[in-house]
Amino acid sequence: MHAGSQQTRQQHREYQNSGKGTRTIAGARPTNSVVVTMTLLAVNVLVYLITALQAKSLDNSNSSIDLAGAMQPVAALADGQWWRIVTSGFVHFGIIHIAANMFSLWMIGRALEQVFGKVRYAALYFVALLGSSVAVLLFDNPLQISGGASGALFGLMGCYAVIVVKLKLNPSGLLITLAINAYITFSIPGISILAHVGGLITGALVAVALLYAPERDRVRWQVIGVSIIAVALIGLTVYRAAALSSLLA
């Protein structure tokens with residue numbers, strides 16, 4: 001019996017050493033990989049460099065590629081340019097805009113990717129991006145042009161807030177981060193407040209779906225929770241498209 005216990009403990013250690021016996025609070029295997037964050041950062045910077053080269057200036061605001069990918073509700077919904085709902089999260093207007101957003105992505109995204117793993121983290125980022133775009137589609141001036149990764153980044157901050165609550169962490173770091181970003185949002189002209197609020201709320205909802213899913217069949221419940229949020233956002237987009245088309249007819 002003693003030999004059996006030793007064998008069991010040895011098997012348990014081998015199981016944990018293989019990484020199969022440890023999970024993060026989101027149910028992911030612990031990892032130091034930040035490949036999704038690096039990929040998002042690389043794509044955003046690449047798009048900015050292409051548009052800056054096209055505009056022959058670090059101020060790429062007049063780049064036709066930038067304008068074709070930016071969010072404008074009328075163009076996205078009434079003119080059938082649906083790609084703007086996603087591509088608007090990858091276009092930036094000027095070097096300060098891209099630098100500030102990519103710094104935030106690097107600082108916040110790495111930690112969250114290590115907690116959530118690649119798939120959950122990517123779902124969090126893109127559903128938050130969708131939520132920020134839907135907020136603009138629903139409530140912003142239909143002719144207003146906007147863009148940038150900050151809507152998705154606010155989604156990451158919303159997720160961070162849920163983690164602080166769940167783990168009962170010291171909220172001072174979160175409050176400072178939110179205060180700085182709120183100051184930037186409301187003090188610098190041209191920044192889409194609606195996109196930030198939409199991303200923040202959506203990111204928090206996705207985090208709740210991921211972190212508070214029942215442990216039994218956790219992955220299935222996480223998929224269901226995130227899917228419900230994504231489908232609801234798509235439904236709101238279809239509703240807004242119909243309303244906008246009727247308004248313009």
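Buried means under 20% relative accessible area, exposed means over 50%, and partly exposed lies in between (1.4 Å probe, protein chains only). This is a predicted model, in which local features need pLDDT of at least 70 and side-chain atom pairs need pLDDT 80 or more, while totals for chains, interfaces and linings use all residues. Residues are numbered from 1 along each chain as its sequence is written, and side-chain values use heavy atoms, without hydrogens and water.

Q: Is Tyr125 buried or partly exposed?
A: The relative accessibility of Tyr125 is 0%. Buried means under 20%. Tyr125 therefore counts as buried.

Q: What kind of aromatic pair do Tyr125 and Phe126 form?
A: Rings of Phe, Tyr and Trp (its six-membered ring) pair if their centres lie within 6.5 Å; planes under 30 degrees apart are stacked, over 60 edge-to-face, the rest tilted. By this rule there are two aromatic pairs. In the pair of Tyr125 and Phe126, the centres are 5.6 Å apart and the planes meet at 75°, so the pair is edge-to-face.

Q: Which residues do ring pairs link into a cluster?
A: Tyr125 is buried, at 0% relative accessibility. Phe126 is partly exposed, at 37%. Ring pairs join both with one further ring, giving a cluster of Phe90, Tyr125 and Phe126.

Q: Which helix gives the most residues to the largest nonpolar core?
A: A nonpolar core is a set of buried Ala, Val, Leu, Ile, Met, Phe, Trp, Tyr and Cys residues joined through side-chain atoms within 4.5 Å. The largest one has 46 residues, and Tyr125 is among those that touch the most other members. Elements that give two or more residues include helix 2 (35-55) and helix 7 (150-167). The most, 15 residues, come from helix 6.

Q: Which residue meets Asp217 in a salt bridge?
A: Side chains of opposite charge can pair when their charged atoms come close. A salt bridge needs a side-chain nitrogen of Lys or Arg within 4 Å of a carboxyl oxygen of Asp or Glu. The structure holds one salt bridge. At 3.7 Å, N to O, the partner of Asp217 is Arg220.

Q: How far does Arg220 lie from the ring centre of Trp221?
A: A charge sits over a ring if NZ of Lys or CZ of Arg is within 6 Å of the ring centre and within 35 degrees of the ring normal. Arg220 is partly exposed, with a relative accessible area of 46%. Arg220 lies over the face of Trp221, and the distance to the ring centre is 5.1 Å.

Conventions: Helices (H or I, at least four residues) and strands (E, at least two) are DSSP runs, numbered from the N terminus.
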